[in-house]
Amino acid sequence: MLKDTLLYMAQNERLRDFVVQNRMTRSMARRFVAGETLNDATQATRVLNKRGIQVALDHLGENVSDEREARASTQGYLSAIENVKQTGIGANISVKLTALGLDISKELCEENLVAILEQASEYGIFVCIDMEGSAYTQQTVDITLRMHQRFEHVGTVIQSYLYRSRKDVEQLVAGGVRVRLVKGAYKEPQAIAFQAKADVDRNYIQLMMLLLSRGNFPAIATHDEAIIAAVRKFTRDHGIGRDAFEFQMLYGVRRDLQDMLVQQGYNVRVYVPYGSQWYPYLMRRMAERPSNLMFVVSNAIRA
Ligand SMILES: Cc1cc2nc3c(=O)[nH]c(=O)nc-3n(C[C@H](O)[C@H](O)[C@H](O)COP(=O)(O)OP(=O)(O)OC[C@H]3O[C@@H](n4cnc5c(N)ncnc54)[C@H](O)[C@@H]3O)c2cc1C
């Protein structure tokens, strides 16, 4: 119930304006967001790199509704790529197609994406296309497959809560496309998505096995210790090396687990969001674990 309310609130513009302008909520967001500037993200990346952790940089923004915003967002990603090259930090890039203008036109979005992939491929930097709500699933898979014919360093994300995901994983694996496997962060109806955690987890484990057996350097993105234990067992039983995949986690979530996996010799990458458009991202993190709301509120009271 609270989860649904938080996901609904993620779309509410008046609430967004209040939260984003409020000094206390801005400081609360810092647990999950590296800061508002690329410089903040670079600092956070350096700290993570020192801990033996790689980074996926996400210049926050989504569902832009005018062309200027889509171009500005593209410029933000291009600056991030340039910065990775110039500073030598250990990071790749995550992009959202709706930040590049997918809601305006597919042509605009693809033009912006090509600009990003051209620059990233020149520098050998991998770009992951995040998966958004189900209205975008088919387009995201189609665009990724098409881009992958031109650019080797592009992959996407598959959500285990969707019934369709096995078919999508099969198609992406057949094309040699790198996949990040997640449970899924949006509110989706029963007609297309598992609702019970047990079902989402069971599907996650099946897709994880498929990706680890046949995928191209998959990313197992979760903080779920039971799933991480299943990954260890599956890879051990099937002789799959630790260099064949990576674990991924979110900035500010289960730092202890991140360090433990690094110590055990696993590749770990942390998703580092930054920028001024952090409101919907923060609300999704609250929805995943409503007790975060208490953490955030108690910090706000102490501040
Ligand atoms: C690197 C990365 C990239 C992602 N990209 C996408 C994407 O492109 N599209 C998409 O739909 N989703 C994405 N997600 C989010 C994902 O779909 C889940 O919503 C999120 O990871 C929580 O699921 P979980 O696998 O950790 O399992 P859960 O069963 O939700 O959580 C397991 C445990 O992890 C901890 N935990 C989980 N989330 C939080 C949190 N927010 N705060 C504190 N503790 C938490 C808790 O201890 C919890 O008990 C991404 C996640 C990661 C890690």
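**Exercise 1. Identify which atoms of the ligand and of R285 form a polar contact in this predicted model, and then find the other polar contacts and the burial of the ligand.**

Solution. Start at R285: in this predicted model, a polar backbone atom of R285 lies 3.1 Å from a nitrogen atom of the ligand. The cut-off for a polar contact is a pair of N or O atoms within 3.5 Å, and the pair at R285, at 3.1 Å, is to be read against that limit. Taken alone, the ligand exposes 940 Å², of which the protein buries 88%.

Next, turn to the oxygen atoms of the ligand. A backbone N or O atom of G184 is found 2.7 Å from an oxygen atom of the ligand, while for Q159 a polar side-chain atom is placed 2.9 Å from an oxygen atom of the ligand. The backbone thus appears at G184 and at R285, and the side chain at Q159.

**Exercise 2. Describe the shell of residues around the ligand by its nearest members, its source elements and its classes.**

Solution. Begin with the count: 25 residues surround the ligand, and those that come nearest are K183, G184, T222, H223 and E288.

Then assign residues to elements. At least two residues of the shell are supplied by each of β4 (154-159), β5 (178-182), β7 (246-250) and α12 (279-288), and the largest share, three residues, belongs to β7.

Finally, sort by class: the shell holds 10 nonpolar, six polar and nine charged residues.

**Exercise 3. Locate the ligand among the pockets, and characterise the pocket that holds it.**

Solution. The ligand sits in the largest pocket, and this pocket contains about 1300 Å³ of space. Its lining is made of 44 residues, with K183, G184, A185, R285 and E288 closest to the centre.

The elements that each give two or more residues to this lining are α1 (2-9), β4, β5, α9 (197-214), β7 and α12. The element that gives the most is α12, with five residues, whereas in the shell around the ligand the largest share comes from β7.

In terms of class, the lining of the largest pocket comprises 19 nonpolar, seven polar and 18 charged residues.

**Exercise 4. Give the same kind of description for the second largest pocket, starting from its volume.**

Solution. The volume of the second largest pocket is about 540 Å³. Of the 23 residues that line this pocket, R16, E62, N63, Q277 and P280 lie nearest its centre. Two or more lining residues come from each of α2 (13-21), α5 (67-87) and α12, and α2 provides the largest share, five residues. Sorted by class, the lining of the second largest pocket has eight nonpolar, 10 polar and five charged residues.

**Exercise 5. State how many cavities of 30 Å³ or more are found, and describe the largest cavity.**

Solution. The first step is the count, which comes to one cavity of 30 Å³ or more. The largest cavity holds about 110 Å³ of space.

The second step concerns the lining, which consists of 16 residues, and among these F126, C128, A219, E246 and Q248 lie nearest the centre of the cavity. Each of β2 (91-95), β4, β5 and β7 supplies at least two of the lining residues, with β5 giving the most, three residues.

The last step is the class composition, in which the lining of the largest cavity divides into seven nonpolar, five polar and four charged residues.

Technical notes
Residues are numbered from 1 along each chain as its sequence is written. This is a predicted model: local features need pLDDT of at least 70, side-chain atom pairs count only at pLDDT 80 or more; totals for chains, interfaces and linings use all residues. Side-chain values use heavy atoms; hydrogens and water are left out. A residue is near a molecule or strand if one of its heavy atoms lies within 4 Å of it. A polar contact is a pair of N or O atoms within 3.5 Å; within protein, one must be able to donate a hydrogen and the other to accept it, and residues adjacent in sequence count only if both atoms are side-chain atoms. Accessible areas come from the Shrake-Rupley method with a 1.4 Å probe; for residues, only the protein chains shown count as cover. On a 1 Å grid over the protein atoms alone, a cavity is a set of points where a 1.4 Å probe fits but cannot get out, and a pocket is an open set with protein on both sides within 12 Å along at least five of seven lines; lining residues have an atom within 4 Å of a point. A molecule sits in a cavity or pocket if more than half of its atoms lie within 2 Å of its grid points. Helices (H or I, at least four residues) and strands (E, at least two) are DSSP runs, numbered from the N terminus. Ala, Val, Leu, Ile, Met, Phe, Trp, Tyr, Cys and Pro count as nonpolar, Asp, Glu, Lys and Arg as charged, and the others, Gly among them, as polar. Grid points are joined across faces, edges and corners, and a volume is the space filled by probe spheres set on the points.
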